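Trainee: Got a minute to walk through a model with me? I'd like to pick it apart piece by piece.

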Amino acid sequence: MELAVEKTSIQDKVQKALGVNPQDAKLSLTFLVISFVAVFIGGFLGLFQGLNRAGLLELPAWFDYYQTLTMHGILFVLVFTTTFVVAYFYAGLSHTFGGLLPIVRKLGWTALFSMVIGVVMVASMVIAGEATVMYTFYPPMQASPWFYIGLVFLVLGIWIAAAGVFIQVGNWKKQNKGQRIPIFSYFATGVFVMLTFSSILVAVEVFALIFWAFGIKETINVIVSRTLFWGFGHTLVNIWYLSAASAWYVAIPKIIDGYRFSDSLTRLVVFLLVILNIPGGFHHQIIDPGITEGWKFVHVFMSLSIGFPSMMTAFAMFAVFEKTGRKKGGKGLLGWFKKLPWGDVRFLAPFIGMVAFIPGGAGGIAQTNNQLNQVVHNSLWVVGHFHLTVGVTVALTFFGVAYWLIPYLSKRQLTPQMNKLGIAQTIFWTLGMIFMSGAMHAVGLLGSPRRTSYSTYGDHATALGWEPYLIFLAIGGTFLIIGVVLMVYIAFNLMFLAPKGVTEFAIGEQDPNDAPSPMWLERWGLCIILLIAIVAMGYAMPLMEMINVPGSPPIRTW
Ligand code: HEM
Ligand SMILES: [Cu+2]
């Protein structure tokens with residue numbers, strides 16, 4: 001035990017002296033460039049939509065509200081998050097293992113090219129007006145087959161990137177038999193196992209859609225498609241969550257100068273999330289016909305079971321904050337709270353992200369309730385909900401990571417001025433989301449639909465009652481766009497302009513008093529068997545029930 005600690009600290013020192021492997025840095029930085037370009041374009045599209053909803057901006061016929069919405073969803077939920085996650089985990093694996101294996105680096109670049117081809121195909125079809133189907137591309141709305149083929153390239157990119165992660169971690173395991181894999185790579189493995197298995201479901205859906213879009217198949221099974229989509233979509237949400245949680249458990253203790261929380265609990269949270277996650281998709285389909293109540297209940301139960309590791313996370317994080325604050329001299333019941341580094345954007349941004357998860361998670365639990373879901377379904381409430389969860393919790397955590405990840409990769413430094421600008425960024429983003437998401441929640445309860453361009457419905461009194469809220473929505477969007485511009489400026493400053501220097505990859509140390517984690521948590525084979533068993537339990541029977549439902553011919557709504 002003693003020896004192991006010493007060995008890693010020598011390895012750490014060597015790595016710090018050498019810094020990041022320049023080839024690995026280039027790969028991760030290229031992913032990050034794509035990620036922040038997506039934030040920039042996606043952010044402006046978001047603003048235009050918000051202004052449209054408030055009746056302040058009419059969008060042109062050649063790129064109307066629905067194209068804008070499709071693009072905004074795709075850029076934020078598919079491009080920004082996925083490229084960020086790959087950049088972050090590849091950089092962390094390179095750091096943890098003293099450089100990526102050459103084959104893994106090659107796979108990383110191949111994944112990047114595949115994703116770029118995919119995004120270009122998808123975006124061109126949306127711009128051409130051949131794929132105004134929203135980021136969920138629900139049939140029977142039918143896009144050009146090239147849109148779906150673009151999606152195949154995106155999924156292929158994900159699988160290639162995942163293969164790289166498995167090879168890198170597997171190689172280490174082979175050389176270090178019987179040892180626990182380092183904590184960062186534990187998260188990476190969990191995230192990419194989830195990505196691999198969930199994207200199989202969406203790949204099956206997309207293949208069926210391609211045959212249908214080419215006219216080889218006349219009809220499509222709508223309910224099966226939606227079910228496969230949400231088997232993926234619901235898991236994607238938790239992939240973002242697990243990626244964000246990896247920064248909370250692993251990086252934040254380093255930034256606030258404390259120790260990581262219990263290694264056993266951390267690994268257990270990852271293990272549980274990976275196993276329990278996938279069969280929760282029906283909570284996005286509570287209103288869908290063709291799924292029996294019992295199965296909806298099973299999925300709602302499964303998705304609530306994810307709440308359990310989330311509560312463990314909340315407990316763990318505040319335990320770390322309190323311990324660290326007290327170590328720094330915080331006295332009394334809450335004195336430790338003041339000792340936290342509030343002026344450090346690398347802490348402040350993810351902290352606000354965590355706090356936003358309290359109302360975000362509570363709203364999510366409300367939505368899983370059948371009766372309450374009827375009230376908010378397809379209303380702007382739902383949009384308010386996921387701008388809190390992914391738009392604040394995940395986005396602010398990723399931004400918080402970017403403040404040290406980018407300078408680590410570019411061998412530069414976060415200057416005090418840039419830190420200040422980062423704090424301003426965080427405040428604009430937070431205020432903007434409070435206004436926008438708050439207004440969306442409220443106006444959704446009053447019945448304002450999501451995914452619907454501006455209309456007063458013939459000056460109907462109910463619709464006129466929405467207007468003041470929609471103005472608040474637009475004000476929030478305006479604050480947010482300032483946040484977008486600041487963030488993109490900071491990201492590119494840290495890539496190309498900030499002063500040269502050494503920035504560490506933030507990995508917190510294990511508390512010396514922490515007991516070693518149980519070895520069964522290292523058994524990824526077992527984890528995957530349990531995952532498959534639970535997925536089969538959640539999906540096999542309901543899919544059998546749905547498979548004979550008559551299909552639908554295509555419909556073009558635009
Ligand atoms: C500049 C910041 C942002 C603004 C102003 C903004 C604004 C909006 C607005 C007004 C809508 C349309 C709601 C409707 O009419 O149905 C929307 C939808 C959406 N936004 Fe954002 N948003 C922002 C950031 C984000 C972020 C960071 C994410 C995720 C990471 C995100 C994900 C989505 C998604 C998935 C949709 C739904 C698309 C659909 O229904 O197909 N947005 N956003
Ligand atoms: Cu979900």
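What follows is a run of questions and answers on the fold, the ligand shell and a few individual residues.

Trainee: Before anything else, how many helices and strands make up the secondary structure of the chain?

Mentor: Keep in mind that this is a predicted model. The C-alpha atoms fill a box of roughly 70 × 45 × 45 Å along the principal axes. As for secondary structure, the chain comes to 17 helices and two strands.

Trainee: What radius of gyration does the chain have, set against a compact globule?

Mentor: Start from the chain length, 558 residues. A compact globule with that many residues would come out near 24 Å. The chain agrees with that, at 23 Å.

Trainee: And what share of the contacts with a separation of 6 or more comes from residues 24 or more positions apart?

Mentor: For background, 50% of the 558 residues are buried. Now take the contacts in the chain with a separation of 6 or more, and pick out those between residues 24 or more positions apart. They account for 85%.

Trainee: Which helix gives the largest share of the largest nonpolar core?

Mentor: That core holds 169 residues, and F89, A188, V191, V274 and L405 touch the most other members. The largest share of this core is 22 residues, and it comes from residues 222-255, helix α7.

Trainee: Which residues is V274 in contact with, leaving aside its neighbours within four places in sequence?

Mentor: V274 is one of the core residues that touch the most other members. Once the neighbours within four places are set aside, its contacts are G190, V193, M194, C527 and L531.

Trainee: On to ligand 1: which residues around it come nearest, and which elements give two or more to the shell?

Mentor: There are 25 residues around ligand 1, and G46, G73, F76, R450 and G477 come nearest. The elements that give two or more residues to this shell are α2 (22-53), α3 (65-96), α14 (380-410) and α16 (461-496).

Trainee: How do the residues of that shell divide into nonpolar, polar and charged?

Mentor: Glycine counts as polar here, and G46, G73 and G477 are among the residues that come nearest to ligand 1. The division of the shell is 13 nonpolar, nine polar and three charged.

Trainee: What about α15, how far does it reach from its first C-alpha to its last?

Mentor: Helix α15 covers residues 416-445, 30 residues in total. At 1.5 Å a residue you'd expect 44 Å, and the helix comes close to that. After α15 comes G447, with a positive phi near 105°. The reach of α15 itself is 43 Å.

Trainee: L486 caught my eye. Is it buried or partly exposed, and what does it touch?

Mentor: L486 is in helix α16. It has 19 C-beta neighbours inside 10 Å, and buried takes 20 or more, so L486 counts as partly exposed. W429 is 57 residues away in sequence, yet the two C-alpha atoms are 9.8 Å apart. Not counting residues up to four places away, L486 touches L421, A424, Q425 and F428.

Trainee: Why does T368 count as buried?

Mentor: T368 is in the loop between α12 (345-367) and α13. Away from its sequence neighbours within four places, T368 is in contact with H283, V300, S303 and L304. Buried takes 20 or more other C-beta atoms within 10 Å, and T368 is buried because its number is 20.

Trainee: In the loop between α4 and α5, what is the phi of F137?

Mentor: That loop also holds P140, and the peptide bond from P139 to P140 is cis, with omega near 10°. F137 lies in the loop too, and it is buried, with 23 other C-beta atoms within 10 Å. Its phi is positive although the residue is not a glycine, near 35°.

Trainee: Last one: H377 and N378. Where are they, and are they buried or partly exposed?

Mentor: H377 is in the loop between α13 (370-376) and α14, and N378 is found there as well. N378 has a positive phi near 55° without being a glycine, while H377 has its C-alpha 7.8 Å from that of I287, 90 residues apart along the chain. H377 has 15 other C-beta atoms within 10 Å and N378 has 13. With those counts, H377 is partly exposed, and N378 is also partly exposed.

Conventions. Residues numbered from 1 in each chain as written. Chains lettered and ligands numbered in written order. Predicted model: local features only at pLDDT ≥ 70, side-chain atom pairs only at ≥ 80, totals over all residues. Helix = DSSP H or I, 4+ residues; strand = E, 2+ residues; numbered from the N terminus. Expected span 1.5 Å × (residues − 1). Near = placed C-beta within 6 Å. Rg over C-alpha atoms; globule rule 2.2 N^0.38 Å. Buried ≥ 20, exposed ≤ 12 C-beta atoms within 10 Å, placed from the backbone. Contact = placed C-beta atoms within 7 Å. Core = buried A, V, L, I, M, F, W, Y, C linked by C-beta atoms within 7 Å.
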